[in-house]
Amino acid sequence: MLGRTQTLPAQDRKVFGYEPSLDGIRAIAVLFVIAGHLNLVYAGGLGVDVFFVLSGYLITALLVSEFSANGRINLKKFYMRRALRILPAVILLLVVLNVLVAIIQPAEQTVTLRSNSLAALFYIANWLRAFGRDLGIVGHLWSLSIEEQFYLLWPITLLFLLSRRLKTNQILLIIGIAVVLVNFDRIYLYHGIESFNRIYNGTDTRADALLIGCALGLSGYRILPGRIFAVLGLIGAAFVGYVLFRAYPVSANLQVPFGLTVGGTLFAVGVVFSLAAVLSNPQNIFAKLLRIPPLVWTGRISYGLYLWHFPVFTFIAGWFPEWEPARLAALKIAGTFACATLSYYLVERPCLNLKKKFSVIKTPVPITPSRVKSVGY
């Protein structure tokens, strides 16, 4: 068994409790994705990268804490927890869409959607998009495919590295090398014959944001003094905010190559600095702003918001083509929140409560059902 003090950082057990500021971060991420699809911001799609960083951090922190407590990682329970978190809401979405399209659309569109739905359900949607296939109203599920492919491999890889008695700094070095390789991969593909879709949708070309989040989950957020993290967080938040609202801070003719090569990594680093600043001091201004109740509630239903927003936008645009843009946008947002709320309370929350059966760490402070369901991991 691996010695805890030799290799693993002292992880704060409150990661298993409910930290509302993390829901605030989820809310910001999904709202920018929605705003991007409403053409209100230029770089709204980078909200997905925020999700990647946050997911990488949370999953890795949980796995490292489990290994520290038990000397092992129960992969079976890990994958059961992931299935309960991800699958029920996706299945609901796909069933509703297939039934609705079968009723109102021609038969050939029903067949196409059924095929695309299977690609999304088995998490290969990103690769189909990468090589040019249009997945229509389920095309936005490409990001879920990347996450699930990553989480199929990362726990096994992390368990192997931890069981080899590697120190934390050694594992962080491996992660850093992997991030560099992702950037080389993007640069190579950009200057080669590969398309934008290949770079944007490939797991190999988008793994850097997840890996950077994993690095924070492995090292912990107490590796630097809180004041230093506060300064880094301010810089990171300023950079992230600028990118989200104004695209990458380079000239227009460099925005695409910069964004498709090293820009994604720089953005993910900025997100990590902001996240670390919030976690290192829950009483700082970042955390307090992120704990605003409407933002926290939006974060709790953020998964449903992401799942439903694009299909809802598509159907409403088709049903009300003559509406003025502002009125149409308001209806799209209202419809998305309505669907996401139903998904959360009728499907997601009951399934999240079932995850307690697959818990692997017994914390000194009992975790209430509300905390478990809010953490979502």
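**Cores and salt bridges in a predicted model**

In this predicted model, the largest nonpolar core has 67 residues, and those with the most contacts inside it are Phe-150, Ile-175 and Leu-275. The largest share of this core, 13 residues, is supplied by helix H3 (residues 47-70), while a second, separate core of 23 residues includes Leu-94, Tyr-123, Tyr-303 and Leu-328.

**Exercise 1.** Determine whether Arg-206 is buried or exposed, and list its contacts beyond four places in sequence.

*Solution.* Begin with the location: Arg-206 lies in helix H10 (residues 203-219). Next, take its relative accessible area, which is 8%; because buried means under 20%, Arg-206 is buried. Finally, leaving aside neighbours within four places in sequence, Arg-206 is in contact with Asp-49, Phe-52, Trp-142, Ile-146, Ile-199 and Tyr-200.

**Exercise 2.** Characterise the salt bridge between Glu-19 and Arg-291 by its distance, its place in the chain and the burial of each partner.

*Solution.* The N to O distance is 3.7 Å, which satisfies the criterion of within 4 Å. The two residues are 272 residues apart, with Glu-19 in the loop between helices H1 (4-7) and H2 (20-37), and Arg-291 in the loop between helices H14 (285-290) and H15 (293-300). Glu-19, at 17% relative accessibility, counts as buried, whereas Arg-291, at 24%, counts as partly exposed.

**Exercise 3.** Explain how Arg-26 and Asp-23 are placed relative to each other in helix H2.

*Solution.* Their salt bridge has its closest N and O atoms 2.7 Å apart. Because Arg-26 and Asp-23 are three residues apart in helix H2, about one helical turn separates them, and both are buried.

Note on methods:
Residues are numbered from 1 along each chain as its sequence is written. This is a predicted model: local features need pLDDT of at least 70, side-chain atom pairs count only at pLDDT 80 or more; totals for chains, interfaces and linings use all residues. Side-chain values use heavy atoms; hydrogens and water are left out. A nonpolar core is a set of buried Ala, Val, Leu, Ile, Met, Phe, Trp, Tyr and Cys residues joined through side-chain atoms within 4.5 Å. Buried means under 20% relative accessible area, exposed over 50%, partly exposed in between (1.4 Å probe, protein chains only). Helices (H or I, at least four residues) and strands (E, at least two) are DSSP runs, numbered from the N terminus. Contact means heavy atoms within 4.5 Å. A salt bridge is a side-chain nitrogen of Lys or Arg within 4 Å of a carboxyl oxygen of Asp or Glu.
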